[in-house]
Amino acid sequence: MALVEKQLDPLFLARSYLRRRKFDSCVEICSKMLEKNPYDQCAWFMKAKALTEQVYVDEVEADTDGIAEMLMDDNSIAQVARPGTSFKKPGTSGQGTSTSQGIRPMSQSGRPVSGFVRPSTQSGRPGTMEQAIKTPRTAHTARPVTSASGRFVRLGTASMLSEPDGPFINPSQLNLAKYADRPGLNKVLFDYLFYHENDIKNSLELAALATQSSKYEDWWWKQQLGKCYYRLGLYRDAEKQFQSALKQQPTVDNYLYLAKVFVKLDQPLAALDLFEKGMEVFPGEVSLIIGSARVHEGLGDLDSSVKFYKKVFQYDASSVEAIACIGTHNFYSDMPEIALRSFRRLLQMGVVNTELYNNIGLCCFYAQQYDMSLTCFERAINLANKENVADVWYNIGHIAVGLGDSNLAYQAFQMALISDNNHAEAYNNLAVLEMRKGKVEQARAYFLSAITINQELYEAHYNLAILSEGQGDLNTSFKEVRKSLEAFAEHVDSKNLLAQLRQYFTLL
Amino acid sequence: MSLFKSREWWYTHAGAEEEYDTCNLCVGNVDNSPDKLEKIVVGSLQGILRIYCPRTKGGNHEDMLLEYQTDSPILGLDIGRLVGDSGLYLAILHPRKVTVCSVSVDTTTKDTGTFYNISQIYSHKLERTACNMCLGSFGSIKNKDFICVQSMDGMMSFYEQDSFAFARFLPQFLIPGPLCYVPSTDTFITSSSSNFVEAYRYQTLAVSTESESKDQIKTGAGKRLRVDWKTNIGDNVVDIKIFSGADDNATTIFVLGEHNLFALRENGVIRFMKKFDFNPSCFYPYGSLVEGTVNMLVANHSRTCYVWQDTTLAWSSSFQHVPVNIRILTVGSLKGHIVTLDETGKIYVSYLGTDPSLQTAAPVERREINYDEKDQEMAKLQQVIRECTKPIEHAPKITDQPDFSIFVEPVNGLDVVGVKHEESDTEYPTVTVKINLRCSSKISLDKVTLTVAPEVPFYATQRSVVLTNVGSGPTSLATFSLYNTGQRVASDLTVPLVAHYTNNHSSPRSVHNSIHLPLQLVCSAACPEKSAAHKITIETNKPAMNLLELFSEMNCESEGGQNGCVAFKTVSGEVITLLAAKNSQKYRIQSNSFIALYIIIQQFLMKLRRHFEKIGGTQPLSVTFPGPVPLQEYFDIIDSRFELRLRQRSYREMLSQRAQQFRAIQRRLLTRFKDKTPSPLQNMDTLLEGTYQQILALADADLQTTKALEEADHALSTATKLMLLLVKLWCPNLDDKQATVLQSCLTPDVNSSDDVGWEEMVDASITMLLRTCLAKTTKEQSVGAASLKLPSDTTKLKKHIALLLERLNKGGTLSLNTYADKVSHRNKDQIESGS
């Protein structure tokens with residue numbers, strides 16, 4: 001049998017391994033072939049391909065906003081956008097359908113909590129450099145200073161893996177003009193430079209040369225040019241390239257890339273329009289529908305968002321993102337039983353993680369299935385890791401508050417703080433418990449901690465205002481209630497308190 | 001992610017340690033048996049051919065019809081009408097040859113069951129290493145299948161049954177792609193390495209061959225071949241399959257990419273596409289019940305099988321393995337079994353069902369709960385928690401004596417050799433202080449750290465000393481060398497001393513004391529000066545002392561001091577003259593520097609009191625200051641410091657404004673540079689450079705102001721101390737308690753690093769005093785409290801200070817009883833701990 005095996009052509013085997021995604025074996029064979037004959041184009045091709053595939057991440061999904069991008073952003077058109085036309089003011093949906101903060105909590109960047117974590121769910125933009133730098137750096141809000149230095153360096157570290165005889169391709173020694181003319185090799189070389197080496201400058205040069213050599217007829221190269229421009233932050237140029245590629249050949253990716261540029265340029269309506277057109281060309285393309293739903297969610301227009309997520313079900317009933325988002329929406333729309341069905345479906349589909357059990361536990365609690373609730377939290381804690389155990393404890397505390405077991409609640413919130421010292425909500429609730437015990441100073445300290453960690457947490461501001469008002473410190477109370485209304489303008493209790501304080505002041 | 005799992009109907013493992021790729025599976029009635037049962041044919045890269053016929057659920061060894069070792073690896077298998085008759089034959093592709101075989105039942109041995117034979121019909125030797133092949137009735141010849149083999153270097157060889165037809169090289173070839181034949185258009189579909197799907201007509205291939213000689217084929221010198229059509233799909237092609245519906249016209253070419261699935265029409269136009277969020281491994285299109293649509297089975301590398309109806313997901317279920325090829329098999333009357341082969345040779349025949357795919361999390365440990373035990377444990381834990389969260393007052397009180405006391409030996413005179421300046425080689429006056437630790441009880445401490453914290457102008461050569469094994473010996477000795485650099489006039493001759501350690505109960509403790517420095521460290525005797533800018537006169541009720549005697553340690557005679565007149569010169573150069581009146585009971589202290597007066601007055605009064613205490617007598621010594629209080633000098637110091645504060649603030653404001661400007665210019669420049677059409681910079685770079693220089697200059701100026709402000713802080717602090725001293729002597733009924741209140745209001749702690757400055761703090765406290773205990777009318781009581789903001793000038797503050805002192809002198813009392821009590825209480829505590 002061994003003899004038989006030896007008759008196999010190594011190139012055939014390498015091709016077979018590449019198809020079966022056994023990249024290490026493929027690279028090994030190709031390296032051997034290249035040792036024998038360094039000019040073997042086929043081996044070179046397959047090695048580059050295998051190395052690229054090892055680190056491939058879909059560029060449509062990879063996106064992180066750095067501080068520099070947000071502040072040195074000179075692409076947005078209007079500084080003060082009209083309601084419902086910008087991501088910068090998430091709460092101001094034009095249709096008046098935005099949900100109230102009192103019902104659905106906000107993330108640390110002042111955006112409704114989403115049911116699905118994706119790279120750009122934290123893209124609230126700070127107003128000034130000072131604010132951006134002061135924003136606390138917890139593990140959850142960590143934001144690289146620029147995207148060029150943050151995530152992509154991590155993604156591109158493949159170039160740092162030690163290879164026994166130096167890097168496979170040294171971009172600085174490449175004669176890009178020569179490779180650009182070779183239609184068989186240039187695409188794989190581009191992918192290698194872009195994904196594996198993360199060398200955007202050389203990729204861009206290669207793409208530009210190759211576009212020329214293909215006489216501007218290959219839409220793929222235009223798409224790559226757009227990708228490079230996007231990475232370099234030249235969004236207007238990226239837009240042009242994607243538009244041109246789209247005109248030549250409408251593909252799903254081209255729509256998604258162009259929409260991504262529009263989102264980056266803070267033109268959500270243009271993005272929505274584009275998704276609409278894309279759906280006409282590719283009816284039932286789930287990624288386009290989801291993209292549209294995400295934009296609606298980003299605008300705070302949750303009703304439309306859910307409409308699109310429901311549309312996803314017509315074409316792909318097992319889309320995890322859609323199920324999760326609809327579940328979350330139902331939960332915050334006071335329908336825990338229906339939300340429970342969504343989450344249970346996810347569990348049946350094999351999504352087994354802390355967050356899911358946590359959500360199911362909460363749904364069970366609100367659906368008055370108390371016995372299941374605690375079991376779910378028990379499981380959630382069993383599965384939890386350091387990052388999310390704090391949230392589970394927080395929710396257990398929340399439930400204990402609901403059951404009236406203030407002792408358990410107190411311990412649970414303490415546990416949450418032990419695992420995550422920056423859990424603002426836990427501080428807030430702990431403070432409320434202290435307040436009920438009559439330990440006013442301790443409560444005040446906890447409220448202040450909560451506020452320092454998360455400025456957007458209107459509850460802490462309001463509670464502190466109430467506390468100060470009770471002690472007769474009307475000045476602080478007034479200040480805090482104003483901050484509370486800044487974070488959540490429609491909060492009725494805050495409004496009442498403010499009116500009351502105003503009355504006091506006029507009496508004085 | 002799938003809700004269901006596929007149900008296994010039949011399973012076998014075709015050989016251990018063998019490898020299979022996507023072309024190594026085919027399904028069909030290969031032995032032409034009359035019952036038309038479909039057989040599964042697999043051939044491994046190790047060259048073993050196996051044929052299975054699944055008949056019953058589960059499967060047994062009888063299902064294997066044939067196992068046959070060939071002499072070279074099997075690269076591909078296919079079934080077709082490859083021999084003249086209408087029967088089906090098996091084509092096996094090896095690297096260097098393609099063989100056509102017939103599979104038939106062995107009729108010679110009947111008694112021990114059914115055996116199958118494989119026999120070669122014909123075989124072609126291949127010039128080049130083969131990659132893959134496809135069968136089809138090329139040239140639209142009915143009921144006959146031909147073979148087309150693609151070699152690794154892109155040569156298409158055509159075999160019309162047992163004869164070689166022709167061979168052609170594909171243009172611009174690098175890596176062979178999947179190969180397919182479309183009967184309706186008589187075209188071959190393949191993919192190029194630049195992500196194009198290409199179509200070549202059989203006609204075109206055949207016609208251009210005729211003009212070529214055989215040599216050219218061998219050398220590979222092919223003529224340019226025209227492509228029929230090509231489509232750029234921008235994705236790497238994994239597999240290509242052809243599907244023609246019931247009506248032959250609607251042939252669709254399905255192309256499975258690495259991240260997308262494309263459906264192309266016969267002319268290469270994209271009909272629809274579908275983006276995947278997974279990595280597909282193989283797929284198989286089949287007829288759908290809904291007209292106009294095609295169903296597809298797509299398997300991926302995360303062990304899931306999807307059924308798509310065009311672009312709508314109809315079903316998904318999980319698999320047991322990652323298949324390399326997927327087919328549909330009919331077993332008898334049962335249609336629609338899914339055959340999957342993975343790379344290790346596991347073959348599953350399964351069907352879709354509604355078995356839930358349960359990936360359960362590790363179950364939570366379930367034990368019989370003993371409630372009594374749990375309750376006990378709970379109670380125990382609650383106890384622990386309660387103990388941990390006990391408030392501080394329940395903690396054991398610190399009543400025990402400190403483990404040792406610090407004794408500072410009195411310092412007598414300066415060291416002979418002083419500490420030298422690093423550069424100028426001048427000697428600073430230096431004293432060496434010896435410190436003893438005496439343990440009160442028989443305990444030994446491993447480590448005690450002694451720290452001194454001298455204030456400028458005093459420095460210590462060593463700020464802390466670590467003593468080990470304290471208590472085991474009789475005493476522990478430490479020495480500190482303190483010296484005076486003369487940067488400014490000293491205002492305090494005591495230096496705090498702290499010993500901190502961990503006691504035997506491993507809790508941290510500290511013991512405090514202070515070092516009293518001799519006056520010699522601050523000043524030396526000098527020749528008295530007759531005139532001076534600032535003069536202070538003090539009256540006593542005892543006859544004037546002999547000053548030489550009083551300051552005996554200073555050696556004043558050597559510099560021309562007399563009984564009634566001595567002078568001192570501080571290290572920083574100020575001369576202070578002390579005069580005693582010959583006839584009256586008055587003393588006068590005068591100097592050109594206002595703040596230098598303080599240390600001498602303070603020391604003089606101290607010595608005076610000590611002297612008369614020693615003598616004793618019926619009438620205690622009383623010292624008074626007749627006034628007027630030197631307010632003008634004091635206000636000058638306040639003003640100069642305030643000016644510095646204003647300057648610092650303006651520098652900071654300018655700095656922030658310039659920084660903003662700098663960022664704005666940077667932003668504009670960035671836009672310019674980003675612009676594709678280069679535009680002139682309009683001197684923006686010069687502006688950037690200029691702003692940068694400004695920022696640097698401003699930062700330097702701010703630094704200098706901060707330094708100057710530190711000096712001013714010290715001056716103000718010393719002047720305030722002097723004022724407090726004088727006010728106490730000036731106002732007849734200001735007792736110690738009230739003096740502490742005054743000190744806490746007119747505080748000598750001046751710190752410019754705080755957000756709230758000294759001026760507003762003092763102003764606020766004095767306003768409070770004036771409003772409450774010193775108020776004369778009710779109108780004054782209703783004056784609003786001052787806000788803690790930097791005032792625009794100091795007139796208000798000065799007015800308030802003058803008013804305060806005037807009222808105090810006229811007999812006003814600082815009787816904020818509760819408040820004063822608390823403060824004095826705290827002060828006493830401090831004193832106690834200090835001794």
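**Exercise 1. Work out what span helix α5 (residues 596–615) of chain B should have, and compare it with the distance between its end C-alpha atoms.**

Solution. The model is predicted, and the check starts from the 20 residues of this helix, taken at 1.5 Å a residue. The expected span is 1.5 Å times one less than the number of residues, which for α5 of chain B gives 28 Å. The end C-alpha atoms of the helix are 30 Å apart, and this agrees with the expected span.

**Exercise 2. Identify the buried residues of α5(B), state what they pack against, and describe the residue that follows the helix.**

Solution. A residue is buried here if 20 or more other C-beta atoms lie within 10 Å of its own. In α5(B) the buried residues are B:Ala596, B:Leu597, B:Tyr598, B:Ile599, B:Ile600, B:Ile601 and B:Phe604. Their packing partners in chain B are the strands β38 (534–540), β39 (565–570), β40 (575–580) and β41 (586–591), together with the helix α7 (684–730). After α5(B) comes B:Gly616, which has a positive phi, near 80°.

**Exercise 3. Describe chain A and chain B by their secondary structure and by their share of buried residues.**

Solution. Begin with chain A, which has 27 helices and 0 strands, and of whose 508 residues 45% count as buried. Chain B has 12 helices and 42 strands, and 34% of its 835 residues are buried.

**Exercise 4. Describe the side of chain B that touches chain A, by number of residues, by elements and by class.**

Solution. First, 48 residues of chain B are in contact with 50 residues of chain A. Next, β21 (270–275), β25 (312–318) and α6 (631–674) of chain B each supply at least two residues of the side that touches chain A. Sorted by class, this side of chain B has 19 nonpolar, 21 polar and 8 charged residues.

**Exercise 5. Explain why β10 and β13 of chain B each have one side without a neighbour in their sheet.**

Solution. Start with the order of this open sheet of 4 strands in chain B, which is β10-β11-β12-β13, with antiparallel pairing. The strands β10 (130–136) and β13 (163–169) stand at the edges and have a single partner strand each, so one side of each is left without a neighbour in the sheet. On average, neighbouring strands of this sheet are turned by 20° against each other, direction ignored. Within the sheet, β11 (residues 146–151) and β12 (residues 155–160) of chain B run antiparallel and are joined by 4 bridges, and B:Cys148 stands opposite B:Phe158 in β12(B).

**Exercise 6. Follow the chain from β23(B) through β24(B) to β25(B), and describe each hairpin.**

Solution. The strands β23 (residues 294–300) and β24 (residues 304–309) of chain B pair in the antiparallel sense over 5 bridges, with B:Leu297 opposite B:Val307 in β24(B). Their hairpin has 3 residues between the strands, and B:Arg303 in the turn has a positive phi of about 60°. From β24(B), 6 bridges lead to β25(B), and these two strands also run antiparallel; B:Gln309 has B:Thr312 in β25(B) as its bridge partner. In this hairpin there are 2 residues between the strands, and B:Asp310 takes a positive phi near 50°.

Key: Residues numbered from 1 in each chain as written. Chains lettered and ligands numbered in written order. Predicted model: local features only at pLDDT ≥ 70, side-chain atom pairs only at ≥ 80, totals over all residues. Buried ≥ 20, exposed ≤ 12 C-beta atoms within 10 Å, placed from the backbone. Contact = placed C-beta atoms within 7 Å. Nonpolar A, V, L, I, M, F, W, Y, C, P; charged D, E, K, R; others polar. Pairing = 2+ DSSP bridges. Axes fitted to C-alpha atoms, helices over the stretch in contact; angles between N-to-C directions.
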